[in-house]
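Thanks, everyone. I have one structure to go through today, so please have the viewer open.

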Amino acid sequence: MKYIFIAGCPRSGTSALTELLSSSNEIAIGMERFKYAYKDKNINESFFSKDSFFKFSDSQTNINMSQGKYVKYYDKLQLKYDSPTIRGDKYPMIYKFYNSLTNSFTQKPTFIFIYRDLYDIADSFNVRAENPKDSWPKENNYKKAVFHWNDSIVKTLQALNSGVDILVIKYEALFDATADLASYNIERIISHLDIKKTDDLKNTHSKMMEEYAEKIKPKLRNLSEEAKLYLDENMDRTALYEIGKFSKI
């Protein structure tokens, strides 16, 4: 059994990447299955046995199989959980725990770090922060976005330079078909994980590229000039340049 973890600044496409990978019958990845447990730095192979993985508790996560948007996802995951050769979890803040996770597993896990254009992330932070019906904290606006964006890239670079096994993917380069990099990046993922390029995986990728072109790329940003200036002044451009080398773009 091999293990994989998906990381990235919140609103970077970690869920989309997880759904894409889950279309492979060789992979079973949780959606924030252990989001509260990573801080204890004791996640290991035993957490991914079928009995443990589907025994949800409030101390580990606020996600469960009885309510919420991931009910169908986990129902489907449970049905196929015995067959995959790769298991893992997705949680954006996993980038804070690269080293502890690497050291906790007998067979060192691999990671995929996905990053996205800061302006789109900041806009998404704002939209959620300003929505009174959303549980997203009001203080998690564009200022928090640039903090988390910088932090995620810097910590990923530190881990890469220390030898942690991380594949770096740019969100736009995976889902924007017009960028001529989408096919290249799905091949990078397939090669890195040593999985088969099945029809299910190809079809899911195609559908997600269509959704990106129709719904995500055309979406207008609503950032104020003040917010744009703040992002420009506070984004870590050196770190962005360095992470770009690892994403091969």
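I will take the sheet, then the helices around it, then the pockets. Keep in mind that this is a predicted model.

Start with the sheet. It is open, has five strands, and the order is E2-E3-E1-E4-E5 with parallel pairing. E2 and E5, the latter covering 166–170, are the edge strands, each pairing on one side only. On average, neighbouring strands are turned by 20° against each other, direction ignored.

Now the pairings, strand by strand. E1, residues 2–7, runs parallel to E3, residues 86–90, and five bridges join the two. If you want a register check there, Tyr3 has Arg87 as its bridge partner in E3. E1 also pairs with E4, again in the parallel sense, over four bridges. For that pair, look at Phe5, whose partner in E4 is Phe111. E4 then pairs with E5 over five bridges, parallel as well, and Phe113 has Val168 as its bridge partner in E5.

E4 deserves a separate slide. How many of the six residues of E4 are buried? Six of the six are, so E4 is largely enclosed by the rest of the structure. Both of its faces are covered. Thr110, Ile112 and Ile114 are buried on one side, and Phe111, Phe113 and Tyr115 are buried on the other.

Next, the helices that go with the sheet. H6, residues 142–161, packs on the sheet and touches E4 and E5. The direction of H6 makes about 145° with that of E5. H8, residues 182–193, lies across E1, E2, E3, E4 and E5, and runs at about 165° to E5.

H3 covers residues 71–80, and its buried residues are Val71, Tyr73, Tyr74, Leu77 and Lys80. Note that a lysine, Lys80, is in that list. The cover over these residues includes H1 (14–22), strand E2 (27–31) and H2 (50–53).

One residue in H9 is worth selecting: His205. Is His205 buried or exposed? His205 has a relative accessible area of 5%, and the cut-off for buried is under 20%, so His205 counts as buried. Leaving aside neighbours within four places in sequence, its contacts are Leu20, Leu174, Phe175, Ala182 and Ile186.

That leaves the pockets. The largest has a volume of about 1400 Å³. Its lining has 42 residues, and those nearest the centre are Pro10, Arg11, Ser15, Ser124 and Arg128. H1, H5 (118–129), H7 (171–175) and H9 (199–216) each supply at least two lining residues. Which helix gives the most to this lining? H5 does, with six residues. By class, the lining of the largest pocket has 18 nonpolar, nine polar and 15 charged residues.

The second largest pocket has a volume of about 350 Å³. It is lined by 14 residues, and Glu19, Ser22, Ser23, Tyr73 and Lys76 are the closest to its centre. H1, H3 and H9 each supply at least two residues of that lining, and the largest share, five residues, comes from H3. The lining of the second largest pocket divides into three nonpolar, five polar and six charged residues.

To tie two parts together: Tyr73 is among the buried residues of H3, and Tyr73 is also one of the residues closest to the centre of the second largest pocket. H1 and H9 each contribute at least two residues to the lining of the largest pocket, and each does so for the second largest as well.

That is the end of my part.

Technical notes:
Residues are numbered from 1 along each chain as its sequence is written. This is a predicted model: local features need pLDDT of at least 70, side-chain atom pairs count only at pLDDT 80 or more; totals for chains, interfaces and linings use all residues. Side-chain values use heavy atoms; hydrogens and water are left out. Buried means under 20% relative accessible area, exposed over 50%, partly exposed in between (1.4 Å probe, protein chains only). Contact means heavy atoms within 4.5 Å. Two strands pair if DSSP finds at least two bridges between them. Axes are lines fitted to C-alpha atoms, for helices over the stretch in contact, and angles run from 0 to 180 degrees between N-to-C directions. On a 1 Å grid over the protein atoms alone, a cavity is a set of points where a 1.4 Å probe fits but cannot get out, and a pocket is an open set with protein on both sides within 12 Å along at least five of seven lines; lining residues have an atom within 4 Å of a point. Grid points are joined across faces, edges and corners, and a volume is the space filled by probe spheres set on the points. Ala, Val, Leu, Ile, Met, Phe, Trp, Tyr, Cys and Pro count as nonpolar, Asp, Glu, Lys and Arg as charged, and the others, Gly among them, as polar.
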